[in-house]
Amino acid sequence: MVGGFRWAAMFPDEVWEHVFSFLPADADRNAAALVCRAWYRLERRSRWRVFVGNCYAVEPAAAVRRFPEVRAAAIKGKPHFADFNLVPSDWGGGAEAWVEAMAEGWPHLEELRLKRMVVSDDCLELIARCFKNFKVLSLVSCEGFSTAGLAAIAANCRYLRELDLHENEVEDNCLHWMSHFPESCTSLVTLNIACLEGEVNVSVLERLIGRCPNLKTLRLNHSVPLERLVGLLHRAPQLVDLGTGKYAAQHHPELFSRLESAIAGCKNLKGLSGFWEAGPTFLPAIYSVCEGLTSLNLSYATIQGPELIKLISRCKNLQRLWVMDLIEDEGLIAVAASCKLLQELRVFPSDPYGAAQPISLTEHGLVAISAGCPMLHSVLYFCRQMTNAALLTVAKNCPNFTCFRLCIMEPHTPDYITRQPLDAGFSAIVESCKHLRRLSLSGLLTDLVFKSIGASANRLEMLSVAFAGDGDAGLHYILSGCKNLRKLEIRDCPFGDKPLLDNAAKLETMRSLWMSSCSVTLGACRQLARKMPLLNVEVINERKRGLPLELQPDNCPVEKLYIYRTVAGPRSDTPSCVWILR
Amino acid sequence: MSTTETGCSSTEPEVTGGLGYDETELTLGLPGAGGSKPSETDRKRGFAAAVGLNVGAASRGEDCGARSSDSSDGSVSGAIKRSAAKAQVVGWPPVRSFRRTALRSCTYVKVAVDGAPYLRKVDLEAHGGYEQLLAALEEMFSCFTVRDYPDERRLVDPVNGTEYVPTYEDKDGDWMLVGDVPWKSVLSFFLSCFLTVAAVRFNMLRA
């Protein structure tokens, strides 16, 4: 690399570091680091933001050593299917190893974002003690900690700007944890406690937000009664994002007008969420701010269609809408007419395990949205029926989709009119949407859909498959195509050993592969592990019948399989139901 | 979300949310008076049949997710049996458990015991595990031999000492003991019902 070396010597290090500061994307920085040793050295000293998509892909100490100046780290743990109880609770994803290494090597760490990890109170205490300049703590879908740990963060992080707790399982053992924020704490910008189960001392909260003039995001939990929301809003009229607490109370005209005026007083409000137990009574109190809203999350509110329509028709600037299927087709047609700037729609099931009918949310709603919202690029849609024709229309209307997740709730559901598989519909989606990065399939599907996906989905990074396919060919199409595939998760599909072994090299280009209730045997996993030393092949067998896994024959079926690339070798914290094959 | 059958007239709008109120539903009319009640042949054993000693009737529970009747013939006293027709697949549909808990979905299941004149409802969430659940069930159904259920549910006729318990007939035709579902849930149901009725009535007056 003689040319590269001469380049590097042309300018002093500081100049190169300045140049690299314009490369925020990790992929670009990684590429720069490969050019020559000088650039590798310069880049690593100037990287201050690190993203670790799989906490087991690298040893914490190695990451900390390579990038000594990191100020912001984001780390992910468990596989995505852990969200749906498919991963054993003791599988792993513990944060201690990382927090200890970071405390050692990154004392100036300011931001830590963890997703799907097991975070203990000890971890939180370590964070609170060791990082003197700590500013941002974001925990998403984590577990293992309690409000006592939060008390430690509150008490010790003097410059805390963001405490963002999103959908974590938090034990409530310290009732007054919020009282641990000292009077000197005035720096909060984000406080999201929506996932906490326990009571919140609203008076303490009032005083806290009263002394934080920069507070922009406040998301309360369901224990905060509606009456107290008024007082909180009076103290934080500068809010941009509000998550209400319980949005129901005894009907009282005075409360309504106080609430209405308090909300109207928040002139910068762009996002609303919460709305637990919301009914029609107090919903009109937010009408005054609807026009300014860009984000609305009503997915915890069991409000019926007509009320939803009245509300959403006023939200002309909405970009993101999360709602329950109670909105029905009629409501979505109204959204399509009113919300022309809509970019992201998520429709959640109000009754996931219920009987087949009575919500009138069908393919028509999805088609209406696709026709009426030209900027739509991200969809999550739970429904009970679909047709190929509808999907073809959606594909034609929305060639700009980046994320399309359709969940037809009954497995193997065909096109309800033609009784055909939905291959044609999903194929149309991947062929039309050239920028599709994320796709979730459902309904009756044969190997044909995988042929289309493998051939056309060139930008696809994450694919979720359930109850689909005919045989090995389906998986082979995916693994031999999909150039940019990073994460593949499969459950209950008849995919076996052959496509895995034939495409072993592909697995090293991906972050991870999850397969459960498929037709993979232990023998294939052993072969794969032997062939690919840079992969961890984790076999998860929860039932533990008979012999231990080492003694099981090659034809023993594998319940759950998690394969991921790593430079750290086999991890040492596996529980008894997980075997890492070598 | 399931619609509930209420005794209201057909001009009333739907009153339920997705909170499983149909499981705790008390009809507003007389039992059996609603238009869409199941036919006699579809009903599970009615009160009269239940009072007599039953032969081989399976005890079964009904999970919120399992609407179809369980017609299997095993008899497991005091146990809860999930309907085979609608067995739930683990982790499907892919809804985060956090989202499911937040909906406060109904975890009350009906429990039937051979020989008992009425069924009971038990909240699965209220018990930490199978042992606790079985202990609670034992207590609930032991009242037929040992008289010791809470006072407020028992009315004694001072004249002849006959004891009465309040029961109601639910939409499946089962006789249920009043009081198993917390009053707050029942009250919320009635409140939403009342508010909607009031709204409708008001509109009718104005028109």
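In chain A of this predicted model, residues 24 or more positions apart account for 71% of the contacts with a separation of 6 or more, a contact being heavy atoms within 4.5 Å. Buried residues, those under 20% relative accessible area with a 1.4 Å probe and protein chains only, make up 59% of the 582 residues. The radius of gyration, taken over C-alpha atoms, is 25 Å, which agrees with the value near 25 Å for a compact globule with 582 residues.

The helix pair α16(A) and α17(A) can be described next.

| Helix of chain A | Residues | Residues in the mutual contact |
|---|---|---|
| α16(A) | 423-432 | D423(A), F426(A), S427(A), V430(A), E431(A) |
| α17(A) | 447-456 | L448(A), V449(A), S452(A), I453(A), S456(A) |

The residues of this contact divide into 5 nonpolar, 3 polar and 2 charged. The two helices pack at an angle of about 5 degrees with their axes 9 Å apart, the axes being lines fitted to C-alpha atoms over the stretch in contact, and they are therefore roughly parallel to each other, a term for angles under 35 degrees.

In α17(A) the buried residues are D447(A), V449(A), F450(A), S452(A), I453(A) and G454(A), and what covers them includes α16, β17 (438-440), β18 (462-466) and α18 (472-480) of chain A. Helices (H or I, at least four residues) and strands (E, at least two) are DSSP runs numbered from the N terminus.

Residues are numbered from 1 along each chain as its sequence is written, and chains are lettered from A. Local features need pLDDT of at least 70 and side-chain atom pairs pLDDT 80 or more, whereas totals for chains use all residues, and side-chain values use heavy atoms, without hydrogens and water.

Technical notes
Axes fitted to C-alpha atoms, helices over the stretch in contact; angles between N-to-C directions. Parallel < 35°, antiparallel > 145°, perpendicular 65-115°, else oblique. Nonpolar A, V, L, I, M, F, W, Y, C, P; charged D, E, K, R; others polar. Buried < 20%, exposed > 50% of the residue type's maximum accessible area, 1.4 Å probe, protein only. Rg over C-alpha atoms; globule rule 2.2 N^0.38 Å.
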